[in-house]
Amino acid sequence: MQLFSYPPQTDWPALQQRAAAQQAQDIDERVQQIFEDVRQRGDAALLDYAQRFDGADLSGGLRVSLDELTAAAAQVPAGLQAAIRQAYANILRFHEAQVPQPEQVETMPGVHCWRRAVPVQRVGLYIPGGTAPLFSTLLMLGVPARLAACPEVVLCTPPQRDGSVNPVILFTAQLLGITTIIKAGGAQAVAALTGGTASVPAVDKIFGPGNRYVTAAKQLATRYGVAIDMPAGPSEVLVIADASANPAFVAADLLSQAEHGPDSQVILLSDSLSLLEATQAEVTRQLQQLPRAEVAAQALQESRAILLRTPEEMLYFSNQYAPEHLILAVENPEQLAEGVTSAGSVFLGHLTPEAAGDYASGTNHTLPTNGYARNYSGVSLDSFLKKITFQRLSTEGLRQVGPVVELMAEAEGLRAHARAITLRLESLGRSIEQNPR
Ligand SMILES: NC(=O)c1ccc[n+]([C@@H]2O[C@H](COP(=O)([O-])OP(=O)(O)OC[C@H]3O[C@@H](n4cnc5c(N)ncnc54)[C@H](O)[C@@H]3O)[C@@H](O)[C@H]2O)c1
Ligand SMILES: N[C@H](CO)Cc1c[nH]c[nH+]1
Ligand SMILES: [Zn+2]
């Protein structure tokens, strides 16, 4: 992890470009080929990719059978089952608070307008499984999908080498009532959810994080009329730490995102050189103890520890960078938090590790990466809902709003629009004097 002091502000956006550059053309081209292949060969293409990328022989079928699903719980230790249930309850509580309230507005006498939330009808949930089976991600997507009452939920996740799906993922799926589970990962899974195959139903919206192939594939899916939650690629964290921070805690937080993948990026900002140096020493020490040390070490090569001058400067940097996760390991985190304008999710104080949000505190961990926190929110209940507006005009309402519309339509040169009002007003017996023209 390289140490920088006072980098010129003009260099800051360049940090963000790193991942963008990696989202290179070759990945897009590869993903396009995979889409075309899945479109032409359907399930046969999925079977080939499972063999090639996951080392799995799926000739027994792409779908998880009911037997596989029901056998999963017995393979999950009771303690882990209880932890998953607790996380489920917390995530549910947080997302239940997002249930939209009914809206009814009478904008003019007799003009009634209202909005109703309806679930996206067919949703695809992508659960990463390339290097770690992220059953926690299934909770993050499955809980709001269930709360929204989406009628059709299709889960895709890469198979293990023996052709099975990780039992903890299956146990979590059972908890959520999800039964359509496809053994497919990467861009090919996203392609299958986009166009459908014999075994994979096409969906209206695709959710979930993944590596660069998955993220590029989701972005390609939007060109075929399928919606996505957001670009949620390789994990990131930015920590703002002052002299009051504990270097061991900060190092652990940085490593917790570095261990996700070689293309993760972690950034440490501080106005204390001694904190930066102590944290770097801790990172080196703790890294050696990690089973995924090699992965984390690769991520650290493109990560940065940066000495800045003031809390305002650190906040400015962070808002420009727009991290997926922002940790405020400072004495007065509330004050700094008020100035946050771009971040996926924010963690305040020395006792709030980002790992809490990854698993169990209740907030959603599917978040925008690579600077997309500038213009996207993370997954929430809203992501699974569409809001449809309704209206009804009474006689009084038509008389009130009609003349306004007639005038505006005429001014735009759209006579048919005006006539749709005029004919109705005349049917109600509007006098010539009432006519606005
Ligand atoms: N932003 C978020 O909210 C969030 C949340 C959780 C995880 N993540 C990120 O998700 C990612 C998970 O990545 P992962 O790789 O472990 O699992 P993954 O499931 O995303 O990807 C695995 C699949 O990638 C495909 N693949 C691998 N190499 C390929 C190649 N050379 N060509 C084409 N396809 C290839 C394979 O099909 C494989 O099944 C990590 O980067 C992690 O940081 C992000
Ligand atoms: N930190 C990830 C989001 O970037 C989510 C996760 C899942 N498991 C552990 N962490
Ligand atoms: Zn994580």
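Which domains does the domain assignment of the chain give? In this predicted model, the assignment gives domain 1 (25-232 + 382-387), domain 2 (234-356) and domain 3 (394-434). Domain 1 is thus written as two segments of the chain. Taken over C-alpha atoms, the centres of domain 1 and domain 2 are separated by 30 Å.

Ligand 1 is surrounded by 32 residues, and the closest are G130, G185, G186, P209 and G210. Both domain 1 (25-232 + 382-387) and domain 2 (234-356) contribute to this shell, each with at least three residues. Among the helices, α3 (43-54), α8 (186-195) and α9 (212-221) each provide at least two residues of the shell around ligand 1. The most is given by α3, with three residues. By residue class, the shell around ligand 1 holds 13 nonpolar, 16 polar and three charged residues.

The feature "binding site" is placed by UniProt, in an unreviewed entry, at Q257, H260, D358 and H417. These positions cover 161 residues of sequence and are spread in space as well, with up to 55.8 Å between C-alpha atoms. Two of the annotated positions, H260 and D358, are described further here. H260 lies in the loop between α10 (247-258) and β10 (265-270). H260 counts as buried because 24 C-beta neighbours lie inside 10 Å, the cut-off being 20 or more. Apart from residues up to four places away in sequence, H260 touches P234 and S235. D358, in turn, is located in helix α15 (residues 354-359). D358 has 21 C-beta neighbours inside 10 Å and therefore also counts as buried. When neighbours within four places in sequence are left aside, the contacts of D358 are S136 and H365.

In soluble globular proteins, nonpolar side chains tend to be buried together. The largest nonpolar core in the model contains 70 residues, of which L125, L155, V190 and A217 touch the most other members. Helix α6 (residues 135-148) supplies the largest share of this core, namely eight residues. A second core, separate from the largest one, has 38 residues, including V266, L287, A296 and L336. For L155, one of the residues of the largest core that touch the most other members, the contacts beyond four places in sequence are L125, I127, A173, I178, T180, I181 and I182. L125 is thus both a contact of L155 and another of the residues named for touching the most other core members.

Notes: Residues numbered from 1 in each chain as written. Chains lettered and ligands numbered in written order. Predicted model: local features only at pLDDT ≥ 70, side-chain atom pairs only at ≥ 80, totals over all residues. Near = placed C-beta within 6 Å. Helix = DSSP H or I, 4+ residues; strand = E, 2+ residues; numbered from the N terminus. Nonpolar A, V, L, I, M, F, W, Y, C, P; charged D, E, K, R; others polar. Domains from an automatic or database assignment. UniProt positions renumbered as here; feature names shortened; annotations may be inferred. Buried ≥ 20, exposed ≤ 12 C-beta atoms within 10 Å, placed from the backbone. Contact = placed C-beta atoms within 7 Å. Core = buried A, V, L, I, M, F, W, Y, C linked by C-beta atoms within 7 Å.
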